[in-house]
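Hi,

Here is the model I said I would pass on. Have a look at it first, and my notes follow underneath.

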Amino acid sequence: MYEEELKKLSDKMDKSIVALKNEFTSIRTGQANASLLDRVFVEYYGSRTPITQVASVTVPEARLLVVQPWDKGLLKDIEKAILQSDLGLVPMNDGNLIRMAIPQLTEDRRKELVKVVNKKAEEGKVAIRNIRRDGNDFLKKEAKNSDVSKDVIKETEDKVQKLTDKKIKELEAATEKKIKEIMSV
């Protein structure tokens, strides 16, 4: 009866997990990854534009990122944007492109990054629990406003809880994977 509502809740929870995984891609692990620059913006014709839309970002080696802008006039702006980001990367501008060596992570930095990952994971869990709460609120309203039996409402609440538990396990698996990625290398 409430399968459509459960599907909506599941989709919302999936979106929360995808958003968390996207945030995880911007956390540096000691390996070069073009997605590190996804959240770095540069002024381009009066608007904030992601670097990835004004330049090609390549990974020629495991610890090297190369940014080659399509418009050479943007080199200084891109360099400035990278320096101002919280990535801790040092761009080297040779007049044609920008190279960035990815430094080896120290043990302290790894521990800091694990804390950041855990904080983001907890925010993701809260988002999923909020979606569960919205679903349960919907069911409570349905129980008051319709002649649906309490057994059906209770059964649906149990399904919502099982769905929540499943999605939190998925989120925890993604978190563990990211922490392993940070702690290895």
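To start with the second largest pocket: α1 and α4 each supply at least two residues of its lining. Keep in mind throughout that this is a predicted model. The bigger giver to that lining is α4, which contributes the most, with four residues. The space in this pocket comes to about 210 Å³. Twelve residues line the pocket, and the ones nearest its centre are Lys21, Phe24, Thr25, Lys178 and Glu181. By class the lining splits into four nonpolar, four polar and four charged residues.

Next, how do the axes of α1 and α4 cross? They come within 10 Å of each other, at an angle of roughly 15 degrees. Since angles under 35 degrees count as roughly parallel, that makes α1 roughly parallel to α4. The crossing of α1 past α4 is right-handed. On the α1 side, the contact is made by Glu3, Leu6, Leu9, Ser10, Met13, Asp14, Ile17, Leu20, Lys21 and Phe24. Facing them from α4 are Lys159, Val160, Leu163, Thr164, Lys167, Glu170, Leu171, Ala174, Thr175 and Lys178. Sorted by class, this contact has ten nonpolar, three polar and seven charged residues. If you want to link the two sites, Lys21, Phe24 and Lys178 belong to this contact and are also among the residues nearest the centre of the second largest pocket.

Then there is α3 with α4. Their axes also come within 10 Å, but cross at roughly 170 degrees, so the two helices are roughly antiparallel to each other. The residues in this contact divide into 14 nonpolar, seven polar and ten charged.

What about closed space inside? The count comes to one cavity of 30 Å³ or more, and the volume of the largest cavity is about 30 Å³. Its lining is made up of Tyr2, Glu5, Leu6, Leu9, Gly135, Phe138, Leu139, Thr156 and Val160. The elements that give two or more residues to this lining are α1 (3–25), α3 (107–145) and α4 (150–183). Six of the lining residues are nonpolar, two are polar and one is charged. Here too there is a link to the helix contact: Leu6, Leu9 and Val160 line the cavity and take part in the contact of α1 with α4.

If you open just one view, I would put α1 and α4 in it, with the residues of their contact shown and the second largest pocket, to which both helices contribute.

Cheers

Definitions and conventions. Residues are numbered from 1 along each chain as its sequence is written. This is a predicted model: local features need pLDDT of at least 70, side-chain atom pairs count only at pLDDT 80 or more; totals for chains, interfaces and linings use all residues. Side-chain values use heavy atoms; hydrogens and water are left out. On a 1 Å grid over the protein atoms alone, a cavity is a set of points where a 1.4 Å probe fits but cannot get out, and a pocket is an open set with protein on both sides within 12 Å along at least five of seven lines; lining residues have an atom within 4 Å of a point. Grid points are joined across faces, edges and corners, and a volume is the space filled by probe spheres set on the points. Ala, Val, Leu, Ile, Met, Phe, Trp, Tyr, Cys and Pro count as nonpolar, Asp, Glu, Lys and Arg as charged, and the others, Gly among them, as polar. Axes are lines fitted to C-alpha atoms, for helices over the stretch in contact, and angles run from 0 to 180 degrees between N-to-C directions. Angles under 35 degrees count as roughly parallel, over 145 as roughly antiparallel, 65 to 115 as roughly perpendicular and the rest as oblique. A crossing is left-handed if the near helix is turned anticlockwise from the far one by less than a right angle, and right-handed if clockwise. Contact means heavy atoms within 4.5 Å.
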